[in-house]
Amino acid sequence: MAKDENTYWNPILETMPPEKLRRLQVKKFKRIFEWAYNNSPFYKKLYKDAGMEPGDIKTYDDIKKVPTTDKGMLRDVQNRPPFPYGDMLAVPLQQVTEFRQTSGTTGTPVYQADTWQDWEWWAECWAYILYAHGYRDTDRMFIPFGYNIFVAFWAAHYGAEKLGCEVVPGGVLDTEARVMKMQELKCTAFGATPTYVLGMADTARKIGIDPRSIGIQRITCAGEPGASIPTTKKRMEEAWGAKVYDHVGATEIGAWSYSCIAQKGLHVNDAFFLVEIEDVETGEIIEEPMRNGKMIITAFDRMAKPCIRFDSKDVIRWADYECECGRTFRIIDGGVVGRADDITKVKGVLLAPTAIEEVVRSFSELSDEYEVIVTKKGDIDDIMLKIEIKPDYKKQETEILNRLKDQLRVKTNLGYKIEVHPYESLPRYALKAKRFKDTRPH
Amino acid sequence: MIKDYRIDEIDIKIQEIKEAATEIERLGGDIEAVKKNLVRLRASTKMLELNISDVELGNAP
């Protein structure tokens, strides 16, 4: 792969030697720690109670002593002034120009404040992502997203503009209208959740448009892990005849990682974020590759509502390979493989819902949709998988189900009850899908 | 091959932009159109600092 300054959004940072990157991270950590200590009552109390102050951060190991934060804390502070963000806020309210909130999937939504500088920073993070995905100022990017209180593709829009792309906001159009507009305008790229990427392809075919004929060259995914699940990524690439790239971010963190044209693992933007991986059982920080743990993350340059050593509960692992793209930014293998609070024990076996998706999407005879429901009868866990078989394969149902059961057992060490539902009868989602339902009392 | 960039020289120019913003604010900062556009100018300048000036943080011991 040819590598020169045109390969990178910022060749200086993206190819910086790892030891320099580490020094940069320690100094930037110290800077945001000091900012939060001096400007956010929440952080000042948190650090004072832990007996820490800015001068205590001198080495990388010192960072590990800094208390972590979590979503529960972010919710709690909202009960205190200033309304509606609470005393984590580190700038006067009149400097806040952007409101966003989390989707509330795991509880009360968290309100996120950003200043205009923070918003520029969001766009900057997205510029790194899109440039790595191959976007250039010759691209016309369609954004099929209902612009609203969720950050979702808002920052992608501003990041694409920063690159010089021509951005088409898909806004309140319905899916058919979005597909037709993409075709009419000869768009070269779009961004959506994997669920919606597949859903749009379905809709296109229903209205007589072959999605491969539109001319989309690249698709940027967010919001769900699918673009890092090989079988789901393959489905999307085949449906659109385009390259599919992944990125991971969060409202309360920022856009912290991205795949590159090598399409292998996700680079952490080490110049803007510090990612640590913590062993869920022991709390030890994991440095070795291919060992799962939960992510603790710091955004170095987000000022209004700092994100410092935030326990995201995302389960990730460092890769044991380097990337041929030449970036020295560290790589996480396989994207976000689950969430610490999603990875659950069923019948005594640890189960990550992404493993089920990987199996289901490897069956070309099945539709893109499925649903998993975990129940408890007495003391016994029960796991049900609902699927749809494509009409052309209905006669092979028994053989398909046998193969599916075998593959699920191999990949997840669990036996499933499988329910076949009529084609296109399971719920379809436009943003984040909720396919895994654990109904057991906790 | 990645070019060798003269980061220190670029940084000097970035600092000059910041100084110019301060001077503009001193001269016309009570004009709302000046004040609010300076917020945007400074935010963009900050992104230049994150991309260029901060590189020195990795070089220093």
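**A tour of chain A, from helix pair to chain contact**

In this predicted model, the crossing of α6(A) and α7(A) is right-handed. To see this crossing, select α6 (116-132) of chain A together with helix α7, residues 154-163 of chain A. Their axes come within 7 Å and cross at roughly 70°. That angle makes α6(A) roughly perpendicular to α7(A), since 65 to 115 degrees counts as roughly perpendicular.

Now show the side chains. On α6(A), the contact is made by A:W122, A:A123, A:W126, A:A127, A:I129, A:L130 and A:Y131. On α7(A), the residues to display are A:A155, A:A156, A:Y158, A:G159, A:A160, A:K162 and A:L163. Coloured by type, the residues of this contact divide into 12 nonpolar, one polar and one charged.

**Next stop: α9 and α10**

Select α9 (194-206) and α10 (230-240) of chain A. Here the two helices pack at an angle of about 35°, and their axes are 10 Å apart. The crossing of α9(A) with α10(A) is left-handed. Display A:P194, A:V197, A:L198 and A:A201 on α9(A), and A:T232, A:R235, A:M236, A:A239 and A:W240 on α10(A); these residues make the contact. By type they come to seven nonpolar, one polar and one charged.

**Stepping back to the two domains**

Colour residues 1-340 of chain A as domain 1 and residues 344-438 as domain 2, following the domain assignment. The centres of the two domains, taken over C-alpha atoms, are 29 Å apart. Where they meet, 17 residues of domain 1 of chain A are in contact with 14 residues of domain 2.

Which helices should stay selected on the domain 1 side? Keep α9 and α10 of chain A, each of which supplies at least two residues of the side that touches domain 2. The largest share of that side, four residues, comes from α9(A). The residues of this side of domain 1 divide into six nonpolar, nine polar and two charged.

**Two sheets**

Select β10, β11, β12 and β14 of chain A, which form an open sheet in that order with antiparallel pairing. β10 (273-278) and β14 (338-339) stand at the edges with a single partner strand each, so one side of each has no neighbour in the sheet. Zoom in on β10(A) and β11 (residues 293-299), which run antiparallel and are joined by six bridges. One pair to pick out is A:I277 with its bridge partner A:M295 in β11(A).

The other sheet runs β19-β18-β17-β20 in chain A, an open sheet of four strands with mixed pairing. Its edge strands are β19 (417-421) and β20 (436-438), each paired on one side only. From one strand to the next, the twist averages 20°. Strand β18 (residues 380-389) pairs with β19(A) in the parallel sense over five bridges; select A:I387 and its bridge partner A:V420 in β19(A).

**Last stop: chain B**

Show both chains. How many residues does each chain bring to the contact? Chain A gives 19 and chain B gives 18. On chain A, select α1 (11-14), α2 (18-39) and α6 (116-132), each supplying at least two residues of the side that touches chain B. α2(A) provides the largest share of that side, six residues. Coloured by type, this side of chain A has seven nonpolar, three polar and nine charged residues.

Terms used:
Residues numbered from 1 in each chain as written. Chains lettered and ligands numbered in written order. Predicted model: local features only at pLDDT ≥ 70, side-chain atom pairs only at ≥ 80, totals over all residues. Domains from an automatic or database assignment. Contact = placed C-beta atoms within 7 Å. Nonpolar A, V, L, I, M, F, W, Y, C, P; charged D, E, K, R; others polar. Pairing = 2+ DSSP bridges. Axes fitted to C-alpha atoms, helices over the stretch in contact; angles between N-to-C directions. Parallel < 35°, antiparallel > 145°, perpendicular 65-115°, else oblique. Left-handed = near helix turned anticlockwise from the far one by under 90°.
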